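Please consider the following structure with attention to one pocket and one pair of packed helices.

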Amino acid sequence: MTETGHGENGRGGGGGAKGDWRRGYRDVMGIGEFRALWVAHALSMTGSYLLNIAVALLVYQQTSSALAAGITMALTFLPQIVGGPLLSGLADLFPRRRVIVVSDLARAALVVGIGVPGLPVWAIWVLVFCSALPMVPFGAARAALMAEIVQGERYVAGSAIISLTTQVGTLAGLVLGGGIVAAVGPNAAVMFNGLTFVLAALIVRFGVRHRPAPRDEREERPSLWRVTRDGTRLVFGDARLRTLGLFAWLAGFYTIPYGLAGPLADEVGGGPMAAGLLMAGPSMGAIIGGFVLTRLISPAFRMRMIGPLAVAASVPLLVWLLHPPLWVMVGLLMLSGMTAAYQFVANAAFVLCAPAKGRGLAFGLVAAGLQAVQGIGIALASLLVDVAGIHVVITVAGGLGVLGALLLAAPWSRLSGEAIALMHGPAGADAAHRSQDPGSSEGSRPRPGTAAGSGQGPGAE
């Protein structure tokens, strides 16, 4: 299947001529299909944050157990780690609009079930786990579908808008979520969440046109296991995608202070408000850094800056060795979040390098890995705090993050030129994929071992 790059009124394809990149936000927001995806994403994301808070409070009201509430929160992340490598393949087997709509409707039904009064805690946990599973194919299909609506620099702008919306929603969820639950009660808040997912599904259904599945209908549909296997080879067999994926996973180091916000606040004599400020710091920084990076800096330069910014994202953690006061810690986390906005560009570069048939699964694999490294990093840091002390643990995490970023920055300095070339538009991207996988048609499944390790194979997000 040849990817179409046209949104509403034929606008959406192409990266545009050189010099017009500053209009990226305006151009993308002028595309009806993108606006539909954006609004639906905002609704689903807002519903997710409100759901997490509401369910945690619902379980805590029933059990008066902080452990039970913590398990509930953990269950909102675990399905993405478990299901990511497998369920993401659905975005490459079926039409992506259908995957998004079905995922949102399935989640709505499960969330409404959580809100039924009188459910035992074990039943709530089962429904929470199941309700998070549709997020895996939803996220993979949304990223891949957006790459069909907008390409080149416009994809970078669209991806930045989605990412900034997520960061703003994170802050809104942290600030407003508890108040909403207190006003209407956890059961009603959970029920309301179900409606947000239904509304998001309707917006995508009627706001985004149908596109066939990436695989030609005349082809024999492969098994989900085969798609997963081939997607894993696709990501780790290509130097560009492997490097960009590892750049994303560096978040496992510099997000550790987020997971230790409670103990950090206690150590400086602060309460829940101090913990909230520490948790909100990276998001506030990401909003500022993401806007500056994608709005004021040229596309080619920002692509080359992924490596240096990834190094800088972990540097603020080194200051923890000096036992900084609360206001300095918040400022350092904002600075880390500003430089970690390289993730916006790395995410877009990952998608731009992806062939149509592997894009959804590859995105899901990296996203699942990101969830895993963040969860494992915070868990290990929590265990080591009792042994080495919280400031030493955070400082060591910063040092490891800097070292990892330096090891990735060197190869990326050689590979970034290929990603920059893909921003010239869909024609350039298609040519790049074809030239790097000779003998295969556009977007076809890459052969295992094709230019592996050389950075010349087809990419995927």
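The paragraphs below treat the pocket and then the helix pair.

This is a predicted model, in which local features need pLDDT of at least 70 and side-chain atom pairs count only at pLDDT 80 or more, while totals for chains, interfaces and linings use all residues. Residues are numbered from 1 along each chain as its sequence is written, and side-chain values use heavy atoms, with hydrogens and water left out.

The second largest pocket (on a 1 Å grid over the protein atoms alone, an open set of points where a 1.4 Å probe fits, with protein on both sides within 12 Å along at least five of seven lines) has a volume of about 220 Å³, a volume being the space filled by probe spheres set on the grid points. Its lining (residues with an atom within 4 Å of a point) comprises 13 residues, and Phe253, Ile256, Gly377, Leu380 and Leu400 lie nearest the centre. Helices (DSSP runs of H or I, at least four residues, numbered from the N terminus) contribute to this lining: α13 (251–254), α21 (359–388) and α22 (390–422) each supply at least two residues, and α21 gives the most, with six. By class, eleven lining residues are nonpolar, two polar and none charged; Gly counts as polar here.

Elsewhere, helix α18 (residues 306–314) packs against helix α20 (residues 342–352) at an angle of about 140°, with their axes 9 Å apart. Angles run from 0 to 180 degrees between N-to-C directions, and axes are lines fitted to C-alpha atoms over the stretch in contact. The two helices α18 and α20 are therefore oblique to each other, since angles under 35 degrees count as roughly parallel, over 145 as roughly antiparallel, 65 to 115 as roughly perpendicular and the rest as oblique. In contact (heavy atoms within 4.5 Å) are Ile306, Leu309, Ala310 and Ala313 of α18 with Tyr342, Val345 and Ala346 of α20. This contact of α18 with α20 has seven nonpolar, no polar and no charged residues.
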